[in-house]
Amino acid sequence: MSQYVLRRVLIAIPSLLGISLVLFVVLALAPGDPFSELATNPNVPPEVAAALRAKFGLDDPIYLRYLHWLSAMAHGDWGFSFVSRMDVDALILQRLPATLYVVGSSQILALLVAIPVGVFAATKPYSLFDQIANTLAFVGFSLPTFFTGILFILIFSVTLDWLPLVYTTDVKGTGIRWVLEMIRQAIMPVAVLGLFQAASMTRFVRSAMLDVIRLDYVTTARAKGLGQAKVIVKHVMRNAMIPVVTLIALQMPAVFGGAIVTEQIFRIPGIGSLLISSILANDTPVVMAVTFVFACLVVLFNLIADVLYGWLDPRISLR
Amino acid sequence: MLDKKLRAMIDKVADGRMDRRAFIKRMAAVGLSAPLANQILALGGVAMAEGPSTYKPTKRGGGGALKLLWWQGPTLLNPHFATGTKDQDGSRLFYEPLACWDPDGNMKLVLAAEIPSIQNGGLAADGKSVTWKLKPGVKWHDGKPFTADDVVFNWEYAKDPATAATSIAVYRDITVEKVDDLTVRILFPKPTPFWADAFVGAGFGPIIPKHLFADYKGAKSREAPNNLSPVGTGPYKFIEFKPGDLIRGELNPDYHMPNRPYFDTLEMKGGGDAVSAARAVIQTGEYDFGYLIQVEDDVLLRLEKGGKGKTIYAVGGDTEFIALNFTDPNTEVDGERSSMKTKHPLFSDPAVRKALSLLVDREAIKKVIYGRAGRTTANFLNGPEKFVSKNTTWEFSVEKASKILDDAGWKPGADGIREKDGKKLKLLYQTSINGPRQKTQAIIKQACQKAGIDVELKSVVASVFFSSDVGNPDTYPKFYADMEMFQIPLTQPDPLQIMRRFTSANVATKENKWQGPNFLRYANKEYDAIIEAAESEMDPIKRAALYIKANDLLIGDTAFIPVQHRLKVEAAANNLVCIVSGWANETDNLFDWYREA
């Protein structure tokens with residue numbers, strides 16, 4: 001098992017290097033410059049913009065900039081933001097809690113909805129419950145988060161005035177009031193993201209369950225006189241979860257992606273909104289760092305998925 | 001004629017010894033139009049006056065929380081590094097300049113004790129120096145006294161190229177010296193009629209403390225810990241800053257202005273977009289103030305119905321304009337398009353430029369797009385009022401435009417597009433991507449079509465269009481199109497900066513990497529001479545007349561086609577009394593804000 005994990009980790013390193021190279025080249029070739037706002041300000045002489053470009057190495061050749069970035073990264077230096085003139089890691093660390101809180105909660109919500117609904121729907125295929133669940137799932141993943149987000153705002157903030165429209169890290173109050181307020185302001189974004197995720201996941205859990213439920217060993221288990229609940233949980237679910245784990249792991253980065261839109265709508269100061277504002281400001285070091293974090297997440301969650309396979313089905317890690 | 005005699009005549013009118021009409025007649029005799037003469041009269045003797053204060057609360061604090069919503073959050077809090085107004089707004093919450101501008105473009109004192117004038121000895125008669133007296137007893141938030149040393153230090157800090165301050169242009173050419181602990185003198189290299197640039201206004205005026213930044217001048221400027229945690233002199237003390245997201249502050253109990261500030265805490269939240277910011281302020285009332293709500297007027301009108309907030313407008317001098325290219329964007333000379341060695345094949349005929357100006361329906365654009373946030377105008381220079389020409393008019397007439405083109409020999413071809421000497425009237429019209437701008441383009445294209453001009457529209461992402469990236473062909477300074485539309489913000493109540501841009505010495509070329517601000521490549525010796533004269537003209541009347549003349553020249557040559565005089569649009573809670581000036585940033589007059597009971 002440990003050898004298996006080690007092998008997976010070693011494969012991850014060259015893929016991260018490759019990803020970083022591609023990201024860097026694409027960003028370097030993209031138009032725009034971080035000091036463009038200076039260009040329309042008549043108070044700022046053009047030489048200043050030019051001097052800043054030179055100072056921050058924007059005029060160096062791409063390969064030099066990449067090597068410089070790579071060696072800095074190896075030393076744990078993430079570079080610094082042209083726009084904020086502060087270290088990128090500090091900037092990301094400041095934004096991470098909000099993203100983890102919202103994305104994490106929404107993912108938990110998605111799992112809490114998708115697994116029971118998917119499993120139950122699979123045990124009674126084509127029943128009324130299954131059909132309703134299916135219909136809702138289709139509606140759920142057909143509606144993009146930017147649409148449901150604005151819909152939620154119009155219903156719960158503007159019309160009913162129940163929930164705040166702007167998410168703020170500066171929540172008033174202490175103790176239980178603080179907790180309640182944090183929950184209150186996260187309801188809309190978590191619901192928007194979580195239900196979107198839950199919709200596609202439900203479909204997936206259901207079909208994975210259906211694949212397994214018809215296998216001979218399940219029939220054998222039933223024939224031995226095991227109860228329905230025991231058969232489903234112990235024999236069916238464990239095997240059905242393998243593809244589901246793959247899906248969840250591969251979707252994690254996509255959830256961060258979906259959170260970019262949601263974060264923008266609700267003004268959640270997460271890394272998604274950091275990415276958007278940095279792209280708009282052409283703040284390359286931050287864009288590079290955030291996209292690289294996303295890339296690391298993809299690799300990391302794939303790794304976790306691999307390890308989980310090994311645990312769910314020990315045969316995989318032996319091969 | 002102008003100068004002493006003019007002064008004497010204005011005095012006579014003021015004393016009632018000469019009647020207005022006689023004055024205007026005599027002005028006409030020397031070639032000045034009646035409106036201009038009237039204007040000269042209106043500003044006779046007016047120097048820089050201090051605006052009246054509207055502040056009412058009678059005690060400090062007690063106003064609760066003030067919640068500001070910026071759809072673009074400040075990313076750094078050092079005024080000398082500010083890129084864009086959002087950073088200036090954030091820095092200005094804590095740092096203060098010597099003086100700022102009120103909504104009428106009058107000066108308002110902040111850290112200075114009095115407005116320098118010739119009478120009080122603050123202004124030198126030759127215009128080569130200004131002496132500022134500082135308010136005594138002002139303290140930094142950490143308790144240290146604010147003195148002349150701080151002011152001098154800011155100059156040294158900003159002018160050092162190694163600091164890479166964005167404020168360098170303001171401080172590079174002047175000399176600042178300490179006279180005593182509470183007096184500083186600024187020396188100019190030549191007579192400088194607009195002396196209120198350094199240390200004034202929200203842009204590059206705010207002063208940072210010497211005792212915290214002295215070790216971080218020059219190359220080490222980025223390492224200063226206080227770049228992200230300001231210690232200023234302002235009405236609110238710094239608590240917390242998360243770049244692009246949140247700034248928090250609290251009442252400064254030692255603030256140097258009486259009964260100020262009104263609010264106990266301050267929060268500035270960033271992010272999102274303008275429409276939802278308008279919604280959070282106007283419709284749901286979650287926030288007290290939202291900045292630059294540049295959304296179409298009908299959206300705002302809808303939000304205002306039954307809402308908890310209102311929109312407010314600040315009149316400045318910003319003009320949305322179309323600039324015409326005076327060089328040929330389609331011919332390459334020595335590896336350079338839009339080269340000064342070429343002439344625009346169509347615009348070299350003034351009739352084409354005139355006709356285009358007649359095809360911009362400013363009234364329709366105001367009605368359909370800008371609404372309350374725009375005013376139709378015939379001028380490039382739209383403020384302050386004393387610099388605005390009354391000699392110009394605009395008109396929308398497809399018939400007149402067609403007639404001008406007919407008379408100039410541009411005849412419609414088989415496809416309905418006019419042509420002359422084998423050249424077709426086909427134009428490329430570019431602007432940045434922005435809802436109102438694309439709508440404006442569509443309105444103008446339609447009118448041009450009716451007059452037999454074929455216009456191709458192009459829109460470029462704002463971050464590219466406004467960039468100084470030499471490698472990109474789509475930036476506004478390269479101007480590889482026939483017409484382009486945008487706006488240059490006027491950041492102070494003076495036309496010096498903006499009008500200076502269009503002299504022939506400032507033409508954007510390959511040689512200066514398109515860093516020259518004269519992107520339309522307008523070269524006119526007369527214009528150059530007027531601007532040069534205005535630069536060091538100390539008489540405010542003659543100076544205003546010169547800028548008016550410069551504006552009229554630009555308009556007469558149809559170098560620019562003004563589209564709208566744009567107002568700043570802000571959203572505010574119904575009970576918030578916020579002072580917003582078209583000549584200042586939104587947070588510049590924050591010390592005067594309060595809430596009505």
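Which residue follows H8(B), and what is the sign of its phi? The residue is Gly285(B), and its phi is positive, near 70°. Keep in mind as we go that this is a predicted model.

Let's stay with that helix for a moment. H8 of chain B covers residues 274–283, and 8 of its 10 residues are buried, so the helix is largely enclosed by the rest of the structure. The buried set starts with Ala274(B), then picks up Ser276(B), Ala277(B), Ala278(B), Arg279(B), Ala280(B), Val281(B) and Ile282(B). Note that an arginine, Arg279(B), is among them. What do these buried residues pack against? From chain A there is helix H7 (145–159). Chain B itself brings strand S1 (65–70), strand S10 (289–290), helix H9 (297–304), strand S11 (309–324) and strand S19 (560–573). That puts pieces of both chains around the buried residues of H8(B).

Now step back along chain B to the strands that come before H8. S7(B), residues 236–242, and S8(B), residues 246–251, pair in the antiparallel sense over 6 bridges. Within that pairing, Phe241(B) has Ile247(B) of S8(B) as its bridge partner. The hairpin they make has 3 residues between the strands, and Gly244(B) there takes a positive phi near 75°. S8(B) also runs antiparallel to S9(B), residues 265–270, with 5 bridges joining them. Ile247(B) turns up again here, this time with Met268(B) of S9(B) as its bridge partner.

The loop between S8 and S9 of chain B has something to look at too, since that is where Pro261(B) is found. The peptide bond leading into it from Arg260(B) is cis, with omega near -5°. Another cis bond runs from Gly383(B) to Pro384(B), again with omega near -5°. Pro384(B) is in the loop between strand S12 (374–375) and helix H12 (398–407) of chain B. Most residues other than glycine have a negative phi, and most peptide bonds are trans.

With that in mind, here are a couple of backbone oddities that involve phi. Phe479(B) has a positive phi of about 55° although it is not a glycine. You'll find Phe479(B) in the loop between helix H14 (462–465) and strand S18 (483–487) of chain B. Is Phe479(B) buried or exposed? Its relative accessibility is 0%, under the 20% cut-off, so Phe479(B) counts as buried. Over in chain A, Tyr126(A) also has a positive phi, near 65°, without being a glycine. Tyr126(A) is in the loop between helix H5 (88–123) and H6 of chain A. At 63% relative accessibility, over the 50% cut-off, Tyr126(A) counts as exposed.

Just past that loop, Leu128(A) is in helix H6 of chain A, which covers residues 128–142. Leu128(A) is exposed as well, with a relative accessible area of 64%. For a sense of reach within the chain, try Leu128(A) and Glu47(A): they are 81 residues apart along the chain, and their C-alpha atoms are separated by 71 Å.

What about chain A as a whole? How many helices and strands does it have? There are 13 helices and 0 strands. Its C-alpha atoms fill a box of roughly 85 × 55 × 40 Å, taken along the principal axes. Of its 319 residues, 47% count as buried. Take the contacts in chain A between residues at least 6 apart in sequence, and 73% of them join residues at least 24 apart. Chain A exposes about 15,400 Å², with carbon and sulfur atoms supplying 72% of that area. As for charge, chain A has 22 positive and 18 negative ones, and the mean positions of the two sets are 16 Å apart.

Last stop, the nonpolar cores. The largest has 91 residues, and those with the most contacts inside it are Trp132(B), Phe199(B), Met499(B), Phe519(B) and Phe560(B). Helix H17 of chain B, residues 540–556, gives this core its largest share, 7 residues. To see how one of those hubs sits, pick Phe560(B): leaving aside neighbours within four places in sequence, its contacts include Phe321(B), Phe380(B), Phe502(B), Phe519(B) and Leu554(B). A second, separate core has 82 residues, among them Ala98(A), Ala110(A), Val166(A) and Ala289(A).

Terms used. Residues numbered from 1 in each chain as written. Chains lettered and ligands numbered in written order. Predicted model: local features only at pLDDT ≥ 70, side-chain atom pairs only at ≥ 80, totals over all residues. Heavy atoms only, no water. Helix = DSSP H or I, 4+ residues; strand = E, 2+ residues; numbered from the N terminus. Buried < 20%, exposed > 50% of the residue type's maximum accessible area, 1.4 Å probe, protein only. Contact = heavy atoms within 4.5 Å. Areas by Shrake-Rupley, 256 points an atom, 1.4 Å probe, with all protein chains shown as cover. Lys, Arg positive; Asp, Glu negative; His and termini not counted. Charge placed at Lys NZ, Arg CZ, Asp CG, Glu CD. Core = buried A, V, L, I, M, F, W, Y, C linked by side-chain atoms within 4.5 Å. Pairing = 2+ DSSP bridges.
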